[in-house]
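Here are some worked exercises to try with the model open beside you. Have a go at each task before reading its solution.

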Amino acid sequence: MMVTTHKNTTPTRSECLMYGLGDFLPNTAFGLTGSYLIHFYENMARFDSGSIAVILITARITQAFIDILVGIIVDRALSRAQPLRRFMTCALGPFVVCLFLCFLPGPSGHFIAVLSAGLFYIAVSVTSSFFIIPYSLLGNAITHDRGRRLLLVSARMAGAMSATMVLGIVMSFGGRLSNMAGMGNSYIIGVSIMCMLGFVFCMLTILSCRERVPFQVAHTDMKTVVMQVCNNREWIVSTSIISLFYINLAVSLGLCIYYCTDVIHKTPYIAGILLSLLGFGKFLGVCLSPLFSRQLGWKNTLYFGYVTFATFNCVFGMVGFSDWLLYGTFFISALAQGLVLPVMYTILAQSLDDSAWTLSCPATALAVNSFCSRISWALGGLLVTALLSLHHMQYNRELPVTFGFVLVPALVALLSIVSVRSFPWEKVRY
């Protein structure tokens with residue numbers, strides 16, 4: 001059981017907003033490592049595609065397994081009445097420092113530079129896991145009220161999308177300042193600003209949120225957890241939907257800068273605007289999601305979001321001749337993704353609440369979901385590097401765009417709709 005149990009189990013709106021700020025730094029790291037870091041490795045560190053693929057797949061798979069380990073550690077800490085915010089406080093500083101170090105020039109020598117880059121990226125993966133797993137479980141500890149739970153998830157998604165929106169603006173502005181100052185590394189100023197903002201916002205979350213709801217935690221071996229996961233239909237379907245989302249997001253982020261600079265020959269500044277629109281569109285979609293959910297229902301909101309984002313992602317890959325069409329199609333695609341995010345994560349949180357097996361190991365259950373998301377993120381990154389290697393081998397330059405912005409979104413939308421149809425909606429309490 002946790003340290004304290006407050007009689008008032010309903011968080012205020014301001015506390016929900018403060019909780020949402022906690023996802024600013026994780027999503028900043030997500031955007032930096034998913035898009036800018038690949039470009040940094042390729043164009044500034046001068047790593048070949050094979051080395052980049054090894055770094056990405058090693059770090060992301062390492063993080064997937066670290067998530068499981070962190071979940072077990074957190075469960076054991078909860079059984080000894082340790083608060084979740086203690087983990088977040090201890091992990092925050094190392095997380096920020098390691099993320100910043102990823103964008104510093106490496107030592108001389110190709111092998112040593114690749115090795116150091118890989119170690120820094122793995123360090124980001126490990127420290128982020130010790131922050132993200134407790135933070136993700138914090139929403140369950142704040143309240144069990146369904147209405148407030150949706151508000152918490154919406155606030156979290158809004159915080160995450162705000163990070164993406166700010167990231168594109170800050171990185172474009174920081175890049176211009178770096179170039180004006182004659183700095184060889186055009187990302188260092190933008191990364192510094194984003195790391196400082198993330199640290200401040202996460203501290204506000206740690207200081208403002210209260211853990212009201214106690215957990216009943218028991219030591220459960222991994223074999224038992226896996227067996228119970230296989231019998232939990234709600235958890236399996238919600239995890240499948242989120243994993244498919246991460247595959248599509250990894251491909252879209254990874255190819256965005258490449259598409260702008262190498263295919264349609266725009267400046268990196270355009271790519272920064274697109275990433276800002278990605279954040280703004282998702283932010284607006286997250287804010288509209290509760291309204292759509294009330295009017296259409298959760299299931300129809302998911303259907304509408306998936307069909308819309310797949311359609312406009314396909315159009316985005318075909319309208320490179322016009323900046324405004326690029327902006328418009330990318331924005332609508334992002335807005336549609338924002339509509340489905342709160343519903344997905346609310347369903348996941350409810351599956352954690354309603355399943356008896358998760359009450360004995362809530363952090364481990366959440367970590368298994370995170371494991372699947374990390375593997376999906378790794379597969380998306382591997383797919384990006386494979387497509388970019390085809391470009392460097394002087395194959396058709398349009399192939400990565402066709403595959404990444406047309407076929408992948410269409411396939412993800414189709415599989416997600418099938419997963420939504422198989423979800424046990426009769427168990428959902430709105």
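**Exercise 1. Find how many disulfides the structure holds, then look at Cys-195 and Cys-209.**

Step 1. In this predicted model, the count of disulfides is 0.

Step 2. Take Cys-195: its nearest cysteine sulfur belongs to Cys-102 and lies 9.3 Å away. A disulfide requires two cysteine sulfur atoms within 2.5 Å, so Cys-195 is in none.

Step 3. Do likewise for Cys-209, where the nearest cysteine sulfur is that of Cys-16, at 8.2 Å. Cys-209 is in no disulfide either.

Step 4. Now check the surroundings. Cys-195 has a relative accessible area of 3% and Cys-209 one of 1%. Buried means under 20%, so Cys-195 is buried, and Cys-209 is buried as well.

**Exercise 2. Place Glu-211 and list what its side chain reaches.**

Step 1. Start with the location: Glu-211 sits in the loop between α7 (188-208) and α8 (222-230).

Step 2. Is Glu-211 buried or exposed? With a relative accessible area of 4%, Glu-211 is buried.

Step 3. Follow the side chain of Glu-211 to the backbone nitrogen of Leu-84, which it reaches at 3.0 Å. The Glu-211 side chain also makes a polar contact with the side chain of Arg-85, at 3.2 Å.

**Exercise 3. Compare the settings of Leu-326 and Phe-111.**

Step 1. Leu-326 belongs to helix α12 (residues 323-354), while Phe-111 belongs to helix α5 (residues 110-142).

Step 2. Leu-326 has 0% relative accessibility and therefore counts as buried. Phe-111, at 60%, is exposed, because exposed means over 50%.

Step 3. Look around each residue. From Leu-326 to Cys-260 the C-alpha distance is 9.9 Å, with their positions 66 residues apart in sequence. Phe-111 joins Ile-112, Leu-115 and Leu-119 in a nonpolar surface patch of about 410 Å².

**Exercise 4. Describe the protein chain as a whole.**

Step 1. Which elements make up the protein chain? It has 14 helices and 0 strands.

Step 2. Turn to burial and surface. Of the 430 residues, 59% count as buried. The accessible surface comes to about 16900 Å², and carbon and sulfur atoms account for 69% of this area.

Step 3. Finish with the contacts. Among those with a separation of 6 or more, 87% join residues 24 or more positions apart.

Key: Residues numbered from 1 in each chain as written. Predicted model: local features only at pLDDT ≥ 70, side-chain atom pairs only at ≥ 80, totals over all residues. Heavy atoms only, no water. Helix = DSSP H or I, 4+ residues; strand = E, 2+ residues; numbered from the N terminus. Buried < 20%, exposed > 50% of the residue type's maximum accessible area, 1.4 Å probe, protein only. Polar contact = N/O pair within 3.5 Å; in protein donor to acceptor, adjacent residues only side chain to side chain. Patch = residues over 30% accessible without salt bridge, like charges linked within 9 Å, V, L, I, M, F, W, Y side chains within 5 Å. Areas by Shrake-Rupley, 256 points an atom, 1.4 Å probe, with all protein chains shown as cover. Salt bridge = Lys/Arg side-chain N within 4 Å of Asp/Glu carboxyl O. Contact = heavy atoms within 4.5 Å.
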